[in-house]
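Me: I am new to this structure and should be grateful for a close look at a single part of it. Please describe the part in detail and then place it within the whole.

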Amino acid sequence: MNALVATDLDRTLIYSAGALAEGSDPDSPTVCVEHLDGQPLSYMTVRAADLLRELTGMAVVLPTTTRTVEQFRRIDLPGAPWRYAVTSNGGAILANGEPDRAWRAGVDRAVRDSAASLADIGAELDRLGTPEWILKRRTADDLFCYLVVDLATLPSSFVSDWGHWCAERGWNVSQQGRKIYAMPDAVCKSRAVAEVRTRLIADGTLPDTAPILAAGDGALDAEMLRAADAAVRPRHGELHALGWECPGLSVTAASGGSAAEEILQWFAHRIPTAAAT
């Protein structure tokens with residue numbers, strides 16, 4: 001193997017039925033890759049599933065998601081099993097499917113040393129009460145929290161105001177569709193990806209010249225994309241809405257499920273070139 005491919009999942013490689021159809025050929029065959037309570041939840045095009053399987057023979061593929069460990073385990077992602085996966089936005093590294101306790105302990109220390117506690121963030125949300133536009137409030141992996149909101153009645157200033165309050169306390173705020181995340185700055189995907197790369201080099205799986213190639217669609221992916229040797233984002237999602245760019249970034253021509261196919265082809269085409277430099 002000569003490259004590490006760190007890729008976000010939701011709305012980058014896998015999609016809800018509605019999101020999959022955006023910009024995609026309606027006749028393109030699809031495969032369900034996640035069920036919840038017996039109901040289909042997330043999909044890929046068959047072509048994207050095939051490309052992902054092929055990619056695992058060319059590079060070390062590292063699923064990198066904001067999902068919790070439990071949520072990640074629901075996904076039947078083509079190419080599994082994964083030697084490593086990053087969940088909880090970098091708060092957890094799974095080694096052969098099991099959380100690395102030492103890594104998590106280090107993350108917890110970093111959060112304690114640099115940010116307000118999750119309880120402090122929760123207390124501020126408690127102060128807001130439960131406005132009708134907050135549909136759900138969730139805590140994820142005892143690390144961060146998020147709201148599910150009614151976009152039609154969400155106050156236009158909330159994300160900005162909440163983001164400013166959190167930023168003063170070592171947290172950041174990101175909106176992805178109906179979800180508004182509050183995340184400690186110390187919990188980020190790029191640090192976990194760098195740790196996995198270090199381990200793979202140490203055990204001889206990767207050469208020390210191996211590049212990191214990355215893909216993602218949301219603001220929580222931005223640091224990972226910026227830290228990679230080369231990166232790609234789809235022509236949809238939070239980063240696209242923001243017009244976000246960084247050096248070495250490509251943007252797909254397609255959106256929706258077709259963007260996943262384009263991202264996976266981009267990875268495959270980059271691996272020989274990146275390894276040769």
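Reply: The following account takes up one small sheet and then its surroundings.

The model is a predicted one. Its chain is divided into domain 1 (4-107 + 187-269) and domain 2 (116-184). The C-alpha centres of these domains lie 24 Å apart, and the contact between them takes 14 residues from domain 1 and 13 residues from domain 2.

The sheet chosen here is open and consists of 3 strands in the order E5-E6-E7, with antiparallel pairing. Its edges are formed by strand E5 (84-87) and by E7, each of which pairs on one side only. In general terms, the strands of a sheet pair through backbone hydrogen bonds, in either a parallel or an antiparallel manner.

Strand E5 and strand E6 (residues 92-95) run antiparallel and are joined by 4 bridges. One residue pair illustrates this: Val86 has Ile93 of E6 as its bridge partner. The two strands form a hairpin with 4 residues between them. Within that turn, Ser88 has a positive phi of about 55°.

The side chains of E5 point in two directions. Tyr84 and Val86 point one way, whereas Ala85 and Thr87 point the other way. All four of these residues are buried. Helix H7 (residues 189-202) lies across E5 and E6 and runs at about 165° to E5.

At the other edge, the chain leaves strand E7 (98-99) through a loop that leads to helix H4 (101-114), and Asp100 lies in that loop. Is Asp100 buried or exposed? Asp100 counts as buried because its relative accessible area is 18%, which is under the 20% limit used for that term. A polar atom of the Asp100 side chain lies 2.8 Å from the backbone nitrogen of Trp103. Leaving out residues up to four places away in sequence, Asp100 touches Ile93 and Arg199. Ile93 is thus named twice in this account, as the partner of Val86 and as a contact of Asp100.

The turn residue Ser88 also provides a link to the wider structure, for Ser88 is among the contacts of Phe144. Other residues in contact with Phe144 include Leu118, Trp171, Tyr181 and Met183. Phe144 belongs to the largest nonpolar core, which has 54 residues, and is one of those with the most contacts inside it, together with Leu4, Leu62, Trp162 and Trp171. Strand E9 (residues 144-149) gives the most to this core, with 6 residues. At least three residues of the core come from each of domain 1 and domain 2. Apart from this core lies another, of 36 residues, among them Ala19, Leu94, Trp266 and Phe267.

Some contacts of Phe144, including Trp171 and Met183, lead to a second hairpin. Strand E10 (residues 171-176) and strand E11 (residues 179-184) run antiparallel and are joined by 6 bridges. Asn172 stands opposite Met183 of E11. This hairpin has 2 residues between its strands, and Gly177 takes a positive phi near 65°.

Conventions: Residues are numbered from 1 along each chain as its sequence is written. This is a predicted model: local features need pLDDT of at least 70, side-chain atom pairs count only at pLDDT 80 or more; totals for chains, interfaces and linings use all residues. Side-chain values use heavy atoms; hydrogens and water are left out. Buried means under 20% relative accessible area, exposed over 50%, partly exposed in between (1.4 Å probe, protein chains only). A polar contact is a pair of N or O atoms within 3.5 Å; within protein, one must be able to donate a hydrogen and the other to accept it, and residues adjacent in sequence count only if both atoms are side-chain atoms. Contact means heavy atoms within 4.5 Å. Two strands pair if DSSP finds at least two bridges between them. Axes are lines fitted to C-alpha atoms, for helices over the stretch in contact, and angles run from 0 to 180 degrees between N-to-C directions. A nonpolar core is a set of buried Ala, Val, Leu, Ile, Met, Phe, Trp, Tyr and Cys residues joined through side-chain atoms within 4.5 Å. Domain bounds come from an automatic or database domain assignment.
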